[in-house]
Amino acid sequence: MSLGPLLSASPPIPWHAFAAFAALAIGGAQLALPKGTVRHRVLGYTCVALMLVIAISSFWIQQIRLVAPFSPIHLLSILVLVTMPLAAWYAHSHKVTAHRGAMIKLYLFALVGAGIFTLLPGRIMHAVVFGQ
């Protein structure tokens, strides 16, 4: 494993990846730690901000071009841009069940699921994890 391919990639790929690593760690902690605390709210807003950075930066990552400069993963980015603020609003409105469902789905699909696809051969994260 070497961070070399990631660190030598052109922006915004490194920012995107490091924001995703941080969101993956914070999101995992959020799922495991007690809910409703000040720590949960602070980490939650941090995770929302990171997910917005990830989603917005993805529009400048265009290695897979299926429809003009975009790929199906960009549909996921649009979904994150809509769902993440909605999930934060659910929390603010004390709609706990809706908030929990939205956040778990975003974590599983937008972070874990999309992250798995970055490990495909030919992708930068494949080179980071498995070597060139």
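In this predicted model, Val48, Met51, Leu52, Ala55, Ile56 and Ser58 of helix H3 are in contact with His74, Ser77, Val80, Leu81, Met84, Pro85 and Ala88 of helix H4. By type, the residues of this contact are 10 nonpolar, 3 polar and no charged.

The two helices span residues 38-58 (H3) and 73-92 (H4), and their axes come within 9 Å of each other. The axes cross at roughly 155 degrees. Angles over 145 degrees count as roughly antiparallel, and H3 and H4 are therefore roughly antiparallel to each other. The crossing of H3 past H4 is left-handed.

Some residues of this contact also belong to the largest nonpolar core, which has 22 residues: Met51, Val80 and Met84 appear in both. Together with Ala23 and Ile54, these three touch the most other members of the core. Helices H2, H3, H4 and H5 each supply at least two residues of the core. The greatest share comes from H5, with 7 residues.

Val80 of H4 shows how such a residue is placed. Leaving aside residues up to four places away in sequence, Val80 touches Met51, Ala55, Pro85, Leu106 and Ala110.

A second core of 7 residues is separate from this one, and includes Ile13, Ala17, Met125 and Val128. The table sets the two cores side by side.

| Core | Size | Residues, among them |
|---|---|---|
| Largest nonpolar core | 22 residues | Ala23, Met51, Ile54, Val80, Met84 |
| Second, separate core | 7 residues | Ile13, Ala17, Met125, Val128 |

In soluble globular proteins, nonpolar side chains tend to be buried together.

Key
Residues numbered from 1 in each chain as written. Predicted model: local features only at pLDDT ≥ 70, side-chain atom pairs only at ≥ 80, totals over all residues. Heavy atoms only, no water. Axes fitted to C-alpha atoms, helices over the stretch in contact; angles between N-to-C directions. Helix = DSSP H or I, 4+ residues; strand = E, 2+ residues; numbered from the N terminus. Parallel < 35°, antiparallel > 145°, perpendicular 65-115°, else oblique. Left-handed = near helix turned anticlockwise from the far one by under 90°. Contact = heavy atoms within 4.5 Å. Nonpolar A, V, L, I, M, F, W, Y, C, P; charged D, E, K, R; others polar. Core = buried A, V, L, I, M, F, W, Y, C linked by side-chain atoms within 4.5 Å. Buried < 20%, exposed > 50% of the residue type's maximum accessible area, 1.4 Å probe, protein only.
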